[in-house]
Amino acid sequence: MKPEKAAITLNNGITIPRLGLGVYKAEDGSQVISAIHEAVKAGYRLIDTAAVYENEQGVGEAVRTADISREELFVTTKVWNDRQGYEETLAAFEESREKLGLDVIDLYLVHWPVTGKFKDTWRALEKLYKEGSVRAIGVSNFNIHHLETLLEDAEVVPAVNQMEFHPLLTLPELHAYCREKGIQLQAWSPLTRGRIFNDPLIQELSVKYGRSPAQIILRWDVQKEVVTIPKSVTPERIRENAQIFDFELNAGDMERIDAMNRHHRFSQDPDTFV
Ligand code: NAD
């Protein structure tokens with residue numbers, strides 16, 4: 001299968017590509033624009049940005065000047081922690097929409113579960129969804145108890161939960177909970193920013209399948225039905241990370257990667273983030 005054809009249907013019936021380009025730390029302007037154009041050529045159809053990445057302008061320009069139509073691309077952005085609350089979130093959304101220069105955003109996420117605020121933030125996202133400003137709404141960095149709290153009053157069930165997720169952090173309980181609720185799991189830092197490429201098992205499978213460590217890990221995401229958004233601004237790596245739909249890891253090897261889980265986070269824990 002070609003990367004551009006690989007998609008999953010969300011709980012509101014729209015489809016999300018299985019592979020996206022993460023643009024955290026991609027510089028606004030020419031760097032992020034050329035990375036996105038390279039990615040589109042390689043078959044990526046999802047771009048993952050956030051207000052706090054400060055590159056929404058470049059992302060919007062890249063989308064408008066890409067070789068394919070706007071409708072073929074899926075653009076995600078997120079409301080940052082210091083803009084949470086109902087009115088603040090509505091204002092932050094307008095700023096993001098203006099910077100992106102897009103009328104409709106495909107997916108808008110609550111970036112982190114800010115205590116005491118995220119329910120009001122969610123009401124704002126529900127309004128944006130109902131008025132058609134966004135095609136889907138979701139959350140990021142929500143543990144099970146955050147989701148339970150959100151769902152107490154939510155009218156719309158989040159379509160996506162974007163989490164740090166990789167072989168050392170496979171979140172089995174959260175993944176099962178999200179499946180049960182119809183919430184699609186999405187992996188951020190899927191490659192652990194390169195920290196586990198030399199792991200003996202990843203190396204062994206890389207030789208066995210004739211694929212790079214990054215491709216083995218991203219293929220594991222695909223087979224676990226997790227949407228993955230690796231970041232790179234390097235053309236060869238962008239292309240390499242998309243070549244994951246033409247081979248398959250066998251069930252035993254999937255289980256061996258699953259068994260690498262150490263509940264290890266390289267970044268902040270949603271229960272203690274600051
Ligand atoms: P990642 O795991 O995708 O790693 C990216 C880094 O790995 C690159 O900078 C590069 O150094 C290296 N790399 C990528 N492809 C490679 C390859 N083929 N070979 C060798 N090295 C390679 O890390 P990330 O950027 O933290 O996560 C991806 C995306 O997830 C971000 O860009 C962002 O869009 C999103 N994200 C979201 C949150 C959140 O809180 N929701 C947090 C962090 C990141």
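**Figure 1. Glu 225 and its salt bridge to Arg 18 in the predicted model.** Glu 225 is partly exposed at 40% relative accessible area (buried is under 20%, exposed over 50%, partly exposed in between; 1.4 Å probe, protein chains only). Its partner Arg 18 is buried, at 16%. The closest N and O atoms of Glu 225 and Arg 18 are 3.4 Å apart (a salt bridge is a side-chain nitrogen of Lys or Arg within 4 Å of a carboxyl oxygen of Asp or Glu). Because Glu 225 sits in the loop between helix 8 (213–223) and strand 10 (227–228), and Arg 18 in the loop between strand 2 (15–17) and strand 3 (20–22), the pair ties together parts 207 residues apart in sequence (helices, H or I, at least four residues, and strands, E, at least two, are DSSP runs numbered from the N terminus).

**Figure 2. Salt bridge between Asp 153 and Lys 119.** The closest N and O atoms are 2.5 Å apart. Asp 153 belongs to helix 5 (residues 144–153) and Lys 119 to helix 4 (residues 118–130), so parts 34 residues apart in sequence are tied together. Asp 153 is exposed, at 54% relative accessible area, while Lys 119 is partly exposed, at 27%.

**Figure 3. Arg 265 with Asp 269, and a salt-bridge network.** The side chains of Arg 265 and Asp 269 form a salt bridge of 3.7 Å, N to O. Asp 269 is partly exposed, with 26% relative accessible area. Glu 204, Lys 208, Asp 253 and Arg 256 are joined into one network by salt bridges that share partners. The structure holds 20 salt bridges.

Residues are numbered from 1 along each chain as its sequence is written, and side-chain values use heavy atoms, leaving out hydrogens and water. In this predicted model, local features need pLDDT of at least 70 and side-chain atom pairs count only at pLDDT 80 or more, whereas totals for chains, interfaces and linings use all residues.
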